[in-house]
Amino acid sequence: MNGKKGSFEINIPPEATKSKLPGTSKEGSTGAFSSCKAWIWSVWEFAKEDSNRVKFALKVGLAVLLVSLLILFRAPYDIFGTNIIWSILTVAIMFEYTVGATFNRGFNRALGSLLAGVLAIAVAQLAIQSGRVAEPIIIGISIFLIGSITSFMKLWPSLVPYEYGFRVILFTYCLIIVSGYRMGNPITTAMDRLYSIAIGGFVAVLVNVFVFPIWAGEQLHKELVNSFNSVADSLEECVKKYLEDEGLDHPEFSKTVMDEFPDEPNYRRCKSTLNSSAKLESLANSAKWEPPHGKFRHFFYPWSEYVKVGAVLRYCAYEVMALHGVLHSEIQAPHNLRFTFYSEIQEAATHAAELVRSLGKDISNMKRSPKTSLLKKVHSSTERLQRAIDMHSYLLASNFDPPDNSSKPLTKLPVTFSTTQYDLSNPLTEFDSNSTENNLSQINQNVPSGTPPQQTESYHEMMRKQSRRLHSWPSREVDAFEEEGGLGMDFLPRMKALESTAALSLANFTSLLIEFVARLDHLVEAVDVLSKMAKFNHEGV
């Protein structure tokens with residue numbers, strides 16, 4: 001009460017006035033600004049990655065604006081009326097990313113609209129002559145038949161490229177015949193809409209061809225060249241990491257399954273090459289509709305050969321992905337064993353990548369250059385790798401016996417082999433002998449003279465198990481043996497078999513590399529056929 005009758009005074013604490021409402025705080029506005037900034041930055045990066053995306057968007061806006069002027073100005077609207085809206089629909093549906101795709105879509109649109117208009121006029125005249133009662137029945141039956149036939153025909157394998165044309169026939173026929181039935185003059189309605197569709201198609205083609213044209217042929221050409229470089233870079237990256245990796249920093253299993261290898265940027269590019277089949281075929285089908293342009297100046301350009309070369313390149317890329325699988329497998333060969341054949345593996349991979357990159361360069365420059373010298377280098381380096389693996393195959397088994405050198409001398413590998421070939425067994429031998437003898441001598445000093453010999457023997461077995469755990473794959477097998485109780489008679493053979501399996505990982509890697517080189521012959525032949533059919537210039541011309 002403030003002294004006046006019927007009045008009250010309410011005191012509001014100052015803390016209540018400072019309560020923060022959601023979305024109005026400084027932190028909330030800062031978060032919204034940062035998220036908006038991040039979105040704008042992602043849009044900028046997306047546009048920067050391919051400037052043709054921005055050009056395509058601006059061209060579509062320009063084409064829609066031009067056909068909209070036919071409605072905004074009074075004169076063309078008085079001529080065509082509301083049917084001019086079909087021009088806007090035609091531009092929105094027909095305008096594609098590349099010139100060839102627009103021509104393809106325009107052909108389907110024009111042919112489908114023409115057939116639909118002719119059918120609608122014919123059926124409408126037949127329905128009118130049948131009488132007022134039978135007219136809607138005939139129109140309804142015709143709509144049912146057209147819808148069923150077009151929907152079935154567009155599923156036919158050989159007619160799949162014209163699927164859009166059948167769809168145009170369906171909705172154009174239905175709209176023309178139904179609106180003509182209500183308006184009473186189907187011929188006039190059909191002609192006005194066909195004129196509007198023709199205007200929209202003409203504007204779409206005109207803008208797409210003469211305003212920053214994006215040619216499907218050039219896109220296909222660049223895509224194939226980039227695929228060659230991706231395969232070559234990924235091969236060199238994989239071999240380099242395999243030879244230099246010491247097995248100390250392998251990614252987690254979850255990252256391996258999800259193909260998350262941030263230190264291998266070329267791996268994802270090579271993987272995208274394997275999924276480029278549909279893209280290359282789509283670009284090749286669109287490029288067939290394009291007139292001669294740029295570097296492709298003659299008619300009937302062999303775009304289908306680009307698809308064949310891409311298929312052979314993917315055939316080679318499968319081997320590169322298999323090499324990546326060995327690189328990230330659970331079973332790994334010891335680093336010193338991999339380093340033993342370092343020079344042979346490195347040389348074969350380098351020459352193979354050089355050949356792939358050279359083929360891509362020839363396609364990019366549209367030149368024909370002999371590949372005999374490069375092929376000889378690749379084959380000779382691969383043969384050296386095969387001989388090295390064959391001569392020293394005993395290194396790929398853990399229970400090998402040194403070869404008998406009395407009969408004939410052994411062809412030596414490079415200097416790295418002579419310094420590392422016995423590193424595979426020396427650490428284990430030294431550990432078994434030195435550590436166990438030292439520990440055994442220490443325990444013998446500490447053990448009383450009356451201690452039974454069984455206790456000393458058990459300690460010796462424990463040290464042997466510990467050494468096996470440190471130098472064997474997998475260590476969990478050793479733990480399983482221990483939990484089962486002691487060492488059985490088959491323990492040593494089984495552990496040697498596991499060590500041999502790890503060493504055979506190197507044989508798997510080299511065999512995949514040799515198979516990749518063998519597939520390069522098919523790639524060279526495919527590129528040679530393309531260069532002849534596309535009439536590439538000879539080198540130096």
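# Reading the definitions against the model

Trainee: Why is Leu 115 called partly exposed?

Mentor: Leu 115 has a relative accessible area of 41%, and because buried means under 20%, exposed means over 50% and partly exposed is in between (1.4 Å probe, protein chains only), Leu 115 is given the middle label. Keep in mind that this is a predicted model, in which local features need pLDDT of at least 70 and side-chain atom pairs count only at pLDDT 80 or more, while totals for chains, interfaces and linings use all residues. Residues are numbered from 1 along each chain as its sequence is written, and side-chain values use heavy atoms, with hydrogens and water left out.

Trainee: Which residues make the nonpolar surface patch?

Mentor: Phe 107, Leu 111, Leu 115, Tyr 162 and Trp 289 make a patch of about 430 Å², the accessible areas coming from the Shrake-Rupley method with a 1.4 Å probe and only the protein chains shown counting as cover for residues. Patch residues have over 30% relative accessible area and no salt bridge, with nonpolar side chains (Val, Leu, Ile, Met, Phe, Trp, Tyr) joined within 5 Å and like charges within 9 Å; Leu 115, at 41%, meets the area condition.

Trainee: Where does Leu 115 lie, and is Asn 108 buried or exposed?

Mentor: Leu 115 lies in helix H6, residues 99–129, and Asn 108 is found in helix H6 too; helices (H or I, at least four residues) and strands (E, at least two) are DSSP runs numbered from the N terminus. Asn 108 has a relative accessible area of 5%, and is therefore buried.

Trainee: What does the side chain of Asn 108 have within reach of a polar atom?

Mentor: A polar atom of that side chain lies 2.8 Å from the backbone oxygen of Asn 104, which can be set against the rule for a polar contact: N or O atoms within 3.5 Å, where within protein one must be able to donate a hydrogen and the other to accept it, and residues adjacent in sequence count only if both atoms are side-chain atoms. Leaving aside neighbours within four places in sequence, Asn 108 is also in contact (heavy atoms within 4.5 Å) with Pro 161, Tyr 162, Tyr 164, Gly 165 and Val 168.

Trainee: How do you know that Asp 233 and Arg 357 form a salt bridge?

Mentor: Their N to O distance is 2.7 Å, and because a salt bridge is a side-chain nitrogen of Lys or Arg within 4 Å of a carboxyl oxygen of Asp or Glu, the pair qualifies. Asp 233 lies in helix H10 (residues 216–244) and Arg 357 in helix H16 (residues 342–365), so the bridge ties together parts that are 124 residues apart in sequence.

Trainee: What makes the pair Glu 319 and Arg 519 a salt bridge?

Mentor: The side chains of Glu 319 and Arg 519 meet at 3.0 Å, N to O, which satisfies the limit. The pair links distant parts of the chain, with Glu 319 in helix H14 (residues 303–327) and Arg 519 in helix H22 (residues 491–533), 200 residues apart, and both residues are buried.

Trainee: Why does the pair Asp 528 and Lys 532 count as well?

Mentor: The closest N and O atoms of Asp 528 and Lys 532 are 3.4 Å apart, which is still within the limit. Both residues lie in helix H22, four residues apart, about one turn of the helix. Elsewhere, salt bridges that share partners join Asp 233, Glu 236, Arg 269 and Arg 357 into one network, and a search of the whole structure finds 16 salt bridges.

Trainee: Why is Cys 270 not paired in a disulfide with Cys 238?

Mentor: A disulfide is a pair of cysteine sulfur atoms within 2.5 Å, whereas the sulfur of Cys 270 is 9.3 Å from its closest cysteine sulfur, in Cys 238, and so is too far for a bond. By this rule the count comes to zero disulfides. Cys 270 is buried, with a relative accessible area of 0%, and Cys 316 is buried at 1%.

Trainee: What makes Leu 220 buried, and which residues is Leu 220 in contact with?

Mentor: Leu 220, found in helix H10, has a relative accessible area of 0% and is therefore buried. Apart from neighbours within four places in sequence, Leu 220 is in contact with Leu 280, Leu 283, Ala 284, Trp 303 and Tyr 306.

Trainee: Is Phe 212 buried or exposed?

Mentor: Phe 212 has a relative accessible area of 54% and is therefore exposed. Phe 212 sits in the loop between helix H9 (186–210) and H10, and its phi is near 45°, a positive value in a residue other than glycine.
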